[in-house]
Amino acid sequence: MADLRCPTCGKNNPDFLDNCQFCQSPLRSESTLHTGESPVKKNTGELEPILPQWLKDVRRQGRESAARDAEEEAAKPKVQKNEPPDLLAGLASQARGDDEEVPSWLASINPITKPSPASSSTPEPEPETDFFAQFKDSGMPSAEPKTSEPVQEEMPSWMPEPTAPPPAEEKDELSEWFAKASAEPSTPVEMESELPEWTSPTEAPSYAFKEPSPQPKAEEDLSWLHSLEDSSKAEAQPPAQQETSHSQAELGWLNDLGDATSDVPPGRPATDEPPSWVRAMGGVETSAPVPPVEPKKESSRMSPPVQESAPAGEQPAESNPVWLQGSEGKQGDETSSEKVSPFTRRTGPLRDLIDDDFMPDWLKTATEEPSMPAPGALSEWFRETDLTPQSTPQSDSDASKGSAPAGSEVDSLFSVDVPDWLASSESDSADASLKPAEFPASDSLAPVDLPSWVQAMRPVESALDLPQGRETEYTESAGPLAGLEGVIPVAPIGSSRRPKAVSLKLQATDEQHAGAALLEKILASETTPRPIVAQTNIASQRALRWALSGFFLIVLSAMAYLRTVSMPIPATLPVEVRSASSAIARLPQNSTVLVVIDYEPALASELEVVSGPMLDQLVLTTRARMDFVSTSPNGTALVRRLLTNTGISVPAPNGLDYKAGENYVNLGYLPGGYTGVREFLDSPTTLFPQAGVAAFREYAAVFVLTDHAESGRVWVEQLYARNRADTTFFSVQPVLFATSAQAGPMLQPYYSSQQITGMVNGLSDAARYEFVNNSRPGIARRYWDAFGVGLLMATAAIVLGSLWSLVAGLQARRRGGVG
Amino acid sequence: MLSIEFFSALGGLILTLMVFSYLINDNPLFRIAVYLFIGVASGYAATVVWQYVLLPKLVIVLQSTDPNVWLLTVIPLLLGFTLLAKLFPKLSWLGNFAMAVLVGVGAATALGGAVLGTLIPQVGAAIDALDYRSATEGAFAKLIEGTVMLVGTVFTLGYFQFTASRAPDGTPKRNAVFEGIAWVGRLFIAVTFGVLFAGVYMAALTAMIERLTSMINFIRQLVGF
């Protein structure tokens, strides 16, 4: 036999094991059957040589019993065979049908389907054989009174040991039942004397195997009984009655037992027709029908279908035997409703998937169980169980003597063929009857595949021993947490478990509060109207302003009225004025010059004074034709005033007698600023057809009269830029500027860069130019004295004001120092 | 004697006194005079624009039979009408193109003129200011003048240099050298503003003297002496 080495612990294991017998680790990955997978048929015939001796014995006994059963079947008339008791009629048919599906090797080793009383190792009394003959007659080989003791002695440990209740508990229930039986006025002595040997208390341990599986509540037991009744009714009712009569005849030895236990339920229906030995027990229904059912289920299916136990609640409780009622009434109520097999999840799907061709239950159980004890250990286990009923009083076992044969027979069936999962499935079925909604029969709740050792570690006991007060806690029924209670708190969604309230109060220090208060104060002060501080010195300033204004008006008016010419005019001309005078002097005679009027009426008087000497020289020396163009809309009206005030257009002999259209042309307004000037430079005749030149370069000179530096710079820039593009454009002709005193300093750099040929700036330059030009036209000279006085007064006012401010400052500083 | 010149002079006298009344305080006479000047100037400007712009460059040209001239006139006319859409917020976008043309062309012209006519020539002039050898006469004076111009330009630019480090007390403080340069530059700036103010004062003083002289002459003519 080849050994499998455990990948976890490294120890060798038999190859028929799926899990390591030492560490319970899976030896093969395919050993587990997952949900949704179909079981694979395995050939287990080769495993027979490796079977233990006790199993071989069992199989041998099964073969012998099957052979004997076959002989009896052949000897029996068909009428009797087809007339099983009403209660067991359905079982016979099902058993026959199931036999067809059971493999031969499984049928041979199954003592339930093929019981063999002869193979029992212990001597069995004859009544036992007679008793089980009714099962033979009913066509249910599984009900054959096989040797229960030998089977129990050789019961392997892989039998439903985990689900077996404690022996002490069993003993107590049985003792109670026995006590009830002993309390009857019947004659326990007779019963004791007539009881067969197998009904001795030594057979009581068989309950240890019987109780785990049938221990569910009375409703569960009645369910399969009810199903059996239905099946029997569906098959043949009359034969069942004949079988019953036949059974009564054969089980006459049990009729005396009826005196011992006369607890016949008053409402029991007559159609039940219990066996004769049952009637002999006082009409008590034993669990004799149970064994035929369980083997049938076992042989046909690996586990009984849940549907069979589901309608158990409909069965009246009186149908249970008294000895079962005694035990089930107490134990079944206590455990069936609380016992939840932890293997339900695992075995549930297998119930639907495993068929008879699959691995035999004993082998499967052997391979699934984590620890398979040695045969020696099994004997010890049986010895322990055998000792338990021996401790019961002899008087209490009177009633058990009557039921012991049937009970031991049933137990023998369960002990051999009913594995733990079957017992648990029964308990599951009982549980399902209680909680149909939570545990449906379908395998949809079995998605978990857990190792058997993990399942064995589930706290089943704790779940079973739950107190009644903890029923409100939810017990997990599916998944890895199956069997655990209260793991996941049961609380409705949106329950009172709300998060802890957190205070929204700002945690700020006093300093931060102070800063916030200061900020709020500042923001509030922005919107608070503040009173305007009254200035006490406004009146004095106004008086000072009136005084200075009056003083200036009076002085200047006096100077104008007096027409004084007392103030001398400097004889030397500034460089720019001299350059302008020289440029005009070099102009050719009768040439055409351009005069740009680029000032506003407010400063017309100054520009007339400034440009007067220059234009007078031009007219006198060259008699040039003047084209006037204005870059200001009001400039066109200033041309005539200019020519009038400078005496150019004044008729002779007081003036130069220049005539409009003949000696000068007022071209008008030139719009566009920079672009207008540029356009005029490119094509003056396009803008002003009356211009005296065809091109700008034909002008002998350009005179710009401006009171604004910006407008004067436009002419300078455009002319210079045009000259740089075309050096022959206007590089020779002079560009002369007559500027106001406020614009002269800003245009002075252009003269320094020689972009302007000459410039006359303000009244001072005009007075000098006029002085050099023989005091013509004389306007500057008339204003010169008043201009001089006005400058002196302004200078004096500035100095006096500065001194006043200085003294006031010193006084304020002195007062501040003293204070 | 009651000629147009007399009434003109009389009107001038009255309006001048109304404007001088502002020396006392803001009064209706001053406001009437101001409103009158503004109205007359605007009316006159409108007349000038019609006379010198619209009539010769639009009305007369549109009467031309030359399609080229007419076409070249219609395009500016349409652009001019789109500028009128600026008066209506919902239609102001129509004038964007004409405005873009005006601004673009004007900016290009002004920029070219500023670079070629002001920036480059002035840089050259600043350099030549120290070239005393080119001076035919007064080379020393020219050197002094160039030096003063250079110092004034550099120190004035240094005044507008505001980069400074932080003093230990947290206040920004410039380097001592830069502080001296800025102080000198501030002097040049003060002198420049003083000169500009003096020019404005002289221009206003000249206008005032002209007005006083005109008024006295009118009164003198009116009185007869």
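Start by selecting helices H26(A) and H27(A) in this predicted model: they cross in a right-handed sense. H26(A) covers residues 575–585 of chain A, and its axis lies 9 Å from that of H27(A), at an angle of about 20 degrees. Because angles under 35 degrees count as roughly parallel, H26(A) is roughly parallel to H27(A).

Now show the side chains where the two helices meet. From H26(A), pick A:Ala580, A:Ser581, A:Ile584 and A:Ala585; from H27(A), pick A:Met614, A:Gln617, A:Leu618 and A:Thr621. You will have 5 nonpolar and 3 polar residues on screen, with no charged ones.

Keep A:Met614 selected and widen the view to the largest nonpolar core, which has 93 residues. A:Met614 is among those with the most contacts inside this core, together with A:Val593, A:Val596, A:Phe703 and A:Leu763. Colour H27(A), residues 604–622, once more: this helix gives the most to the core, with 8 residues.

Next, centre on A:Leu763. Beyond its neighbours within four places in sequence, A:Leu763 is in contact with residues of chain A including A:Glu606, A:Val609, A:Val610 and A:Phe787, and also with B:Met202 and B:Thr206.

Those last two lead to the other chain, so to speak, our final stop. Here 38 residues of chain B are in contact with 46 residues of chain A. On the chain B side, select helices H2 (28–62), H4 (96–128) and H6 (176–223), which each give two or more residues. H6(B) gives the most, with 16 residues. Colour this side of chain B by class and you will find 26 nonpolar, 11 polar and 1 charged residues.

Technical notes:
Residues are numbered from 1 along each chain as its sequence is written. Chains are lettered from A and ligands numbered from 1 in the order in which they are written. This is a predicted model: local features need pLDDT of at least 70, side-chain atom pairs count only at pLDDT 80 or more; totals for chains, interfaces and linings use all residues. Two residues are in contact if their C-beta atoms, placed from the backbone, lie within 7 Å. Helices (H or I, at least four residues) and strands (E, at least two) are DSSP runs, numbered from the N terminus. Ala, Val, Leu, Ile, Met, Phe, Trp, Tyr, Cys and Pro count as nonpolar, Asp, Glu, Lys and Arg as charged, and the others, Gly among them, as polar. A nonpolar core is a set of buried Ala, Val, Leu, Ile, Met, Phe, Trp, Tyr and Cys residues joined through C-beta atoms within 7 Å. A residue is buried if 20 or more other C-beta atoms lie within 10 Å of its own, exposed if 12 or fewer, and partly exposed in between; C-beta atoms are placed from the backbone. Axes are lines fitted to C-alpha atoms, for helices over the stretch in contact, and angles run from 0 to 180 degrees between N-to-C directions. Angles under 35 degrees count as roughly parallel, over 145 as roughly antiparallel, 65 to 115 as roughly perpendicular and the rest as oblique. A crossing is left-handed if the near helix is turned anticlockwise from the far one by less than a right angle, and right-handed if clockwise.
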